[in-house]
Amino acid sequence: MLVSSPRHSKMGQECNYWRAATLVRTEKSLKFASSHRFRTIPNSVVADVVEDEAVIINVETGIYYSTEGCGGWIWSNVAAGVPIGAITAALEAASPEFEIEAALDRFLAELIEEKLIETAESGAEEVQSAPQKGAEPKLVIYRDMQDLMALDPPMPILDEQPD
Amino acid sequence: MSGRLARFAQGYALPGPELKRLLRIALGIGEDAHSPESLRWALARIGDSERGLRWLMPLLAATNGKAEGLSPDIQAKLQAARLYEKQRSQRFDEIAASAIAKIGETSAPPLISRGLALARTAYPCREARHCHDLDLLVREMTGARAAMQQTGFAAIPEEAGLRHASGMTARLHLSPFPGDGGHPLDSAIWERAAPFELAGAPVLLAAPTDVLLHTILLPSWLVAGHATWIVDAHFALAADSIEWEALDRLPAPDRLFAARALSLLAEEFSAPVPAELLARPVKLPFGEVLESLKRMARWKGRKALLREGLAALMG
């Protein structure tokens with residue numbers, strides 16, 4: 001479990017990912033309770049999932065990501081706030097050829113480290129579908145967004161945040 | 001490209017071979033437009049900040065995002081570009097809608113044409129058209145500017161434009177074209193416009209024919225043209241309700257510009273322009289040309305272009 005007092009970002013928002021990321025740096029194997037839920041960081045992360053492949057943009061950092069293996073499916077469910085236990089059970093039912101708990105923990109730790117998800121209090125109870133791709137989840141990081149996109153204002157969502 | 005058209009293209013700030021190929025790939029024109037090699041070639045150039053072509057990225061993503069044989073990194077780039085622009089354009093339209101609604105509270109609803117109008121009606125999806133700033137046609141300037149300023153826009157010092165708190169810029173216009181007014185489209189564009197809704201705000205949408213004319217004629221007023229007009233015209237021409245006889249009602253120089261622009265679009269970008277229209281000679285009564293030149297004397301770029309166009313026609 002992640003236990004810490006909330007920190008605040010420069011934008012004044014509660015910043016749960018900070019405490020999670022701190023733990024990632026000190027613990028090699030991050031374990032989450034089966035009831036633990038996450039959500040995407042509001043106002044800075046946008047994502048789209050097509051055919052179980054996710055593309056995620058952190059608008060605040062200007063970095064974008066794609067997923068491989070069953071990463072897109074995991075992302076969909078993590079972003080929907082499905083408890084980790086339900087996600088693990090669905091993966092186990094699909095009998096993938098990788099060690100589920102370790103791979104899921106690594107993947108979640110990376111999402112936290114990249115400031116894409118934070119702890120949530122509520123969300124969907126069940127996964128929406130079975131995972132279609134059985135390979136180990138991976139997050140691919142791209143840092144060339146500024147080379148490729150017209151970044152003139154308005155920024156997508158950041159300027160809606162309160163001071 | 002024929003010699004006459006090539007000379008005209010120079011004056012009209014039309015694309016050279018490389019940009020032409022890029023535009024064709026972004027528009028999905030030609031057999032090799034969707035090949036991984038073409039997309040890699042296009043991405044390398046769009047990513048070059050010196051070229052100022054990043055506005056093409058969302059269109060490239062919309063037309064080629066599902067092309068076969070793409071490497072995962074190219075797919076991710078295209079998807080990310082589209083996703084980013086989707087979110088951005090949603091924010092853009094919300095800000096625009098807020099301003100449009102406020103203007104409409106005290107006067108006639110504003111009118112949208114060209115980029116934003118085409119983005120909402122003709123492009124494959126809204127995010128395929130990157131809108132750099134918001135252009136609105138209004139009936140009355142002072143009240144419209146005041147209304148804009150109530151929705152987070154502020155006047156830009158020493159410029160006619162307005163800037164929103166988000167950084168987004170906007171320009172209000174009384175006429176579709178720069179200059180001192182008097183163009184037939186000034187009133188016709190309002191008369192033929194239809195009610196439309198932009199993110200919940202009532203606005204007027206220029207008729208497809210007027211959007212096309214506005215798109216292909218505006219560059220003739222600009223000293224430094226921008227290739228967006230080609231892409232916009234490509235989608236404007238896809239409308240099935242273009243009234244081609246409207247070309248005959250244009251003033252003399254505009255008939256020339258429209259004819260040359262349509263020729264180029266048909267020849268280089270496979271635009272669906274009726275063959276009989278392209279084959280028809282453009283009649284330019286001398287008196288009408290002279291009168292137009294006098295009226296537009298202070299628009300140096302347009303005058304120069306007209307000179308180029310006349311030379312091309314006679315060439």
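**Exercise 1.** List the residues that R45(B) touches, not counting those up to four places away in sequence, and place R45(B) in its helix.

*Solution.* Step 1: take contact as heavy atoms within 4.5 Å. With that cut-off, R45(B) touches E18(B), L22(B), R51(B) and L53(B). Step 2: R45(B) sits in helix α3 (residues 36-46) of chain B; helices (H or I, at least four residues) and strands (E, at least two) are DSSP runs, numbered from the N terminus. Step 3: a polar atom of the R45(B) side chain lies 2.9 Å from the backbone oxygen of W41(B).

This is a predicted model, in which local features need pLDDT of at least 70 and side-chain atom pairs count only at pLDDT 80 or more, while totals for chains, interfaces and linings use all residues. Residues are numbered from 1 along each chain as its sequence is written, chains are lettered from A and ligands numbered from 1 in the order in which they are written, and side-chain values use heavy atoms, with hydrogens and water left out.

**Exercise 2.** State where confidence in chain A is lowest and where it is highest.

*Solution.* Step 1: pLDDT is the predictor's confidence in each residue, from 0 to 100. For chain A its mean is 80, and 77% of the residues reach 70 or more. Step 2: the lowest confidence in chain A is in helix α1 (residues 16-26), at a mean of 37, and the highest is in strand β1 (residues 37-40), at 97. Step 3: over residues 1-28 of chain A, pLDDT stays under 50, and the model has 46 contacts beyond four places in sequence for them.

**Exercise 3.** Describe how β6(B) and β7(B) are joined.

*Solution.* Step 1: two strands pair if DSSP finds at least two bridges between them. Strands β6 (residues 194-198) and β7 (residues 201-205) of chain B have five bridges, in the antiparallel sense. Step 2: P195(B) has L204(B) in β7(B) as its bridge partner. Step 3: the two strands form a hairpin with two residues between them, and A199(B) in the turn has a positive phi of about 45°.

**Exercise 4.** Quantify what chain B and chain A bury between them.

*Solution.* Step 1: buried area is the accessible area (1.4 Å probe) that two parts lose on being put together, summed over both. For chain B and chain A this is about 2,300 Å², 62% of it on carbon and sulfur atoms. Step 2: on the chain B side, L83(B), Y84(B) and R91(B) lose the most area to chain A, together 30% of what that side buries. Step 3: the contacts join 28 residues of chain B to 26 residues of chain A.

Methods: A polar contact is a pair of N or O atoms within 3.5 Å; within protein, one must be able to donate a hydrogen and the other to accept it, and residues adjacent in sequence count only if both atoms are side-chain atoms.
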